[in-house]
Amino acid sequence: MTGTAIARLLVVLNLGLLAMTPAHGQTITGTPGSPAARTTINGLQIPAPPQQFEGKIERNAVDSTPYWPATIEPGKGAPNILLIMTDDTGYGTPSTFGGVIPTPALDRIAEMGLRFTNFNSTALCSPTRAALITGRNHHSAGFGVIAEQATGYPGYTSLISKDKATIGTILRDNGYRTSWFGKNHNTPAFQVSQAGPFDQWPTGMGFEYFYGFMGGDTSQWTPGPLMRNTTPIYPYENDPDYNLITAMADEAIDYMNRINTLAPEQPFFVYYVPGGVHAPHHPTKEWIDRISAMNLFDEGWNKTRDTIFANQKKLGVIPQDAEMTPWPDDLLDTWDKLTDDEKKMFERQVDVFAAYVAYTDHEIGRVIQAVEDMGKLDNTLIIYISGDNGGSAEGTTIGTPNEVAAFNGVNVPVDVQLKDFYDLWGSNETNPHMSVAWSWMFDTPFSWTKQIASHFGGIRQGMAIAWPDVIKDKGGIRHQFHHIIDIAPTILEAAHITPPSVVNGIAQSPIEGVSMTYLFDADNADAPSNHPTQYFEMMGDHAIYHEGWIASTKVMRPPWEITGPVNQDPAGYPWELYDLSKDWTQSHDIAAENPEKLKQMEAIFWQQAQKYQVLPLDASVATRLVTPRPSLTAGRDEFTWKGTFTGTPNGDAPSVLNTSYTITADVEVPEGGGEGMIITQGGRFGGYGFYLVKGKPVFTWNLLDLERIRWEAPDALTAGKHTLEFDFKYDGLGMGTLAYNNMSGIGQPGTGTLSVDGKVVATQKMEKTIPLTLQWDENLDIGADTGTGVDDSDYQTPFAFTGTLTEVKLSVDHPVLTDADKAKLQQALATKD
């Protein structure tokens with residue numbers, strides 16, 4: 001018998017045993033068999049096996065006795081659970097952990113409960129979130145990196161396997177009402193379309209209600225893809241004041257009030273994860289004005305960093321003997337070296353970011369207040385995690401008005417930012433991010449930022465937990481080491497729910513985190529951590545924590561450098577060593593003095609890496625965004641649409657980057673002329689559109705909102721049928737060069753030709769093209785344009801086509817490397833190595 005067959009047999013036997021096992025601690029309330037009967041379950045097998053019918057069945061109903069299965073509910077006194085996590089927030093950002101930005105909602109939770117000062121993430125969005133909802137390490141859950149960077153190795157598929165049921169599934173099947181509001185970055189990017197499958201969407205992962213966006217980030221003004229459950233919605237249309245940060249708070253409050261009104265005794269689980277404060281930074285003007293007037297950052301990033309550090313010691317959220325890590329003078333300018341223009345622009349950037357922090361916290365505060373207004377605060381476990389990783393360095397060293405440009409390796413000079421974007425910063429006309437230096441400051445007292453898993457600037461998160469009925473050490477501080485995988489088991493223990501052994505017939509892998517509920521008791525304030533060992537790894541950068549020590553690899557790539565050559569040997573990165581009992585901030589590398597200790601730590605790392613699917617290590621970043629992966633378009637070069645078809649997300653749309661392509665549209669123009677969108681992908685911050693304006697065919701390439709290349713027919717189309725074509729011949733070698741650690745094949749020139757009814761009407765060469773990604777929170781649309789347009793001066797969305805769109809075809813002709821090309825690339829790679 002094979003190993004697979006044995007495993008299947010064990011599952012079958014296990015199912016049988018579980019079905020025969022009486023529910024440990026099972027409690028039935030009400031009259032058994034009555035409509036009002038309630039029961040708890042042991043939870044070892046979920047969904048629970050069918051309950052035995054204990055009524056009586058005769059030939060006639062008059063002689064029979066019905067018996068209703070008891071409704072499953074959590075145990076008596078089970079708390080409501082409000083799990084909150086913000087995005088891209090360094091340890092020293094909120095006032096609760098010494099920051100200068102007011103965060104009264106987080107302050108409130110800390111004052112009602114406990115502050116945790118030694119709580120750690122994975123250093124990146126999707127991975128932290130996968131670990132949070134499964135209780136397993138991010139590689140174990142298939143999220144070694146973000147969904148958009150998935151590769152074909154077990155730890156990097158972006159697929160949460162069925163043997164790792166989420167906290168949503170477990171709570172739902174134990175009687176909770178479960179919901180998810182805000183960011184979902186745990187659905188594979190290639191499964192976000194309306195074709196599904198939907199088992200990796202929130203509603204398929206145990207969350208009965210979902211209102212939020214799919215992907216890593218989105219505009220808060222025109223969010224996309226925005227979903228209610230699995231249906232795309234566009235609530236911002238005709239509502240210029242719409243902002244998702246407020247809208248999702250409204251939705252969560254409405255949801256909780258519905259549950260409370262319909263079933264006052266029903267415990268709920270709300271997973272509340274706003275897009276704030278990930279870029280783009282989109283607070284309302286009211287909040288920008290309010291925070292700017294406070295002049296929080298007039299002294300610049302170095303002196304403000306000192307202020308945060310002093311505040312942290314006063315609050316006791318860092319040890320009194322903790323040292324500030326040095327400023328990276330070799331990488332980032334000190335404030336006093338900047339020009340006046342740079343200071344002005346950088347201060348504007350951080351004011352908008354700070355406004356976004358305060359605004360997001362304010363709306364979280366509304367959700368918390370709604371729980372109190374329902375009279376449920378005392379028995380609600382509230383977990384508020386400040387950030388899913390450290391502050392983000394993805395805005396480049398000078399910041400950017402358009403993060404899509406930054407991800408394509410394009411910097412917008414400070415003088416251009418001042419002239420064109422200063423007053424617009426944070427509005428729907430910008431997609432902004434701030435200078436790396438501010439993010440480094442917000443990670444005080446640590447070094448480095450998001451993406452860096454080896455140093456605490458990338459992984460240390462402030463967290464507060466309150467549960468008024470249980471946690472009596474109000475305002476207490478806990479310094480024990482813990483990790484994001486510890487949240488799920490903490491919730492389960494608080495709810496007295498046993499992790500299941502079998503879910504939907506599939507044997508479950510063990511939960512890898514540990515419960516933190518022991519720290520709710522003031523008597524355990526100084527107890528040793530029950531989480532002695534934890535590995536960290538992100539895009540090749542790695543570390544191992546073990547019993548108060550951490551061995552960290554040297555940072556080999558600043559995280560704002562995402563498009564350069566890739567180090568091919570991350571397994572060979574040099575190591576550093578820190579004794580955290582004496583050096584809480586990783587200020588003193590003592591590897592040279594402790595070679596045996598370092599050797600021991602290295603061995604533990606590789607053992608953990610093997611156990612949790614970390615291998616193979618891969619240091620690539622941006623190039624992984626264009627790695628071939630499963631999708632609706634994989635293996636296809638021809639695409640056809642008939643009529644209007646909107647809302648295909650970026651990850652499921654055919655790509656025309658770094659390739660030749662032809663778009664052909666058969667249209668019928670009505671009497672009096674026609675206009676509207678034929679086909680578009682992307683939007684205001686990067687993309688293309690083929691459309692009619694005042695009857696004239698136009699093809700526009702929006703090059704990252706910095707330049708627009710336009711092909712336009714000289715004459716409007718007459719009424720009747722026409723065939724329109726845009727043909728683009730790409731001059732580069734294409735994405736095949738990436739396999740040789742070489743980016744020379746992407747972003748190269750090409751020539752576009754616009755034809756009407758077989759006649760060429762416009763030809764133009766593009767000297768450069770977008771190399772890596774279009775605006776990812778926009779869709780591929782046919783016959784109309786959702787989100788934002790590629791050229792606001794031409795049209796406003798939805799810009800529906802006014803004629804008849806009979807058919808649109810896209811043909812893609814990918815470059816193929818010749819043997820000579822491969823030989824040159826191989827030689828260049830060998831020289832580089």
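These questions and answers cover a sheet, a helix and the nonpolar cores of a predicted model. Local features need pLDDT of at least 70 and side-chain atom pairs count only at pLDDT 80 or more, while totals for chains, interfaces and linings use all residues. Residues are numbered from 1 along each chain as its sequence is written, and side-chain values use heavy atoms, with hydrogens and water left out.

Me: Which strands stand at the edges of the open sheet, and why is one side of each without a neighbour?
Reply: Strands are DSSP runs of E, at least two residues long, numbered from the N terminus, and two of them pair if DSSP finds at least two bridges between them. The order here is E18-E19-E20-E21, with antiparallel pairing. Each edge strand has a single partner, so one side is left without a neighbour; the edges are E18 (533–538) and E21 (575–579).

Me: Which residue of E19 is the bridge partner of Thr533?
Reply: E18 and E19 (residues 541–546) run antiparallel and are joined by six bridges. In E19, the partner of Thr533 is His546.

Me: How many residues of helix H13 are buried?
Reply: Helices are DSSP runs of H or I, at least four residues long. Buried means under 20% relative accessible area (1.4 Å probe, protein chains only). The buried residues of H13 (487–494) include Ile487 and Leu492, and of its eight residues the buried number seven.

Me: Which helix gives the largest share of the largest nonpolar core?
Reply: A nonpolar core is a set of buried Ala, Val, Leu, Ile, Met, Phe, Trp, Tyr and Cys residues joined through side-chain atoms within 4.5 Å. The largest has 86 residues. Nine of them come from residues 244–262, helix H5.

Note on methods: Buried means under 20% relative accessible area, exposed over 50%, partly exposed in between (1.4 Å probe, protein chains only).
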